[in-house]
Structure formats: structure tokens, C-alpha cells
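Colleague: Could you take a close look at one part of this model for me? I'd like to hear about the aromatic pairing and what surrounds it.

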Amino acid sequence: MNVEEEVTRLQEEIQRLGKVQSNGSYKVTFGVLFNDDRCANIFEALVGTLRAAKKRKIVTYDGELLLQGVHDNVEITLKPVPAAESVSESAPATAAT
């Protein structure tokens, strides 16, 4: 799995485990993500995937490096998908003739 695929899977897992906010974002703590069995099986390096998603401005959280135990209560926020982007992703592709 490449980095882009892992970031996409991370978004799905944050939506599954997190709580939706009024602005359309999702919040989950690092401890919940780290201790989830499904996430443990998907992500070989969860911290690295989180850093890649943060660099791409897909998620936000305080700090640079998250460590199990020490940072279990740090909130990770999955930013809401802009309306134009979510429409284009869900719209079926049409073949050019």
C-alpha cells in the first residue's frame, strides 16, 4: 500500500471511530486509533501515516510526533471535505465520445 492509499484508509478509519462535528469534521483521540485492532492490522506505521496526512492538510493535531501512552488524549481532527470535492468524487465518470 502506498502513502496515498494509507492516507485514504486513515480517513475512513477516523470516520469509523471518530465523532462527527457540526462543521462536518471528525474527531478521534490518538489512543483510540492506536489501540484499535483494525487500525493495527491496516497501518504498519500509524504515526507515519498521520504525519503524511497532516503534511497534506487532511488532518490536524497538536505536536509533531505522537507516542502511545503519552499522547493518547491528543485529538486528531479529520478536516471536512469541501462540498465541490465531495460532489465530484461521488459523481459517476462519463466516457468521452
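Modeller: First the yardstick: rings of Phe, Tyr and Trp (its six-membered ring) count as a pair if their centres lie within 6.5 Å, and planes under 30 degrees apart are called stacked, over 60 edge-to-face, the rest tilted. Keep in mind that this is a predicted model. Searching the whole structure with that rule turns up one aromatic pair. The partners are Phe30 and Phe34, with ring centres 5.5 Å apart and planes at 45°, so the pair is tilted. Both sit in helix α2, four residues apart, which is about one turn of the helix. Their surroundings are not alike: Phe30 has 0% relative accessibility and so counts as buried, while Phe34, at 31%, counts as partly exposed.

Now step along the chain. α2 covers 30-35 and α3 covers 37-42, with Asp36 in the loop between them. Asp36 counts as buried because its relative accessibility is 15%, under the 20% cut-off. Leaving aside residues up to four places away in sequence, Asp36 touches Glu13, Arg16 and Leu17.

Going the other way, you meet strand β2, residues 26-29. Two bridges join β2 to β1 (residues 19-20), running antiparallel, and Lys19 has Lys27 as its bridge partner. The two strands make a hairpin with five residues between them, and Gly24 in the turn has a positive phi of about 95°. β2 also pairs with β4 (residues 75-78), again antiparallel, over four bridges; there Tyr26 stands opposite Leu78.

Technical notes. Residues numbered from 1 in each chain as written. Predicted model: local features only at pLDDT ≥ 70, side-chain atom pairs only at ≥ 80, totals over all residues. Heavy atoms only, no water. Pairing = 2+ DSSP bridges. Buried < 20%, exposed > 50% of the residue type's maximum accessible area, 1.4 Å probe, protein only. Contact = heavy atoms within 4.5 Å.
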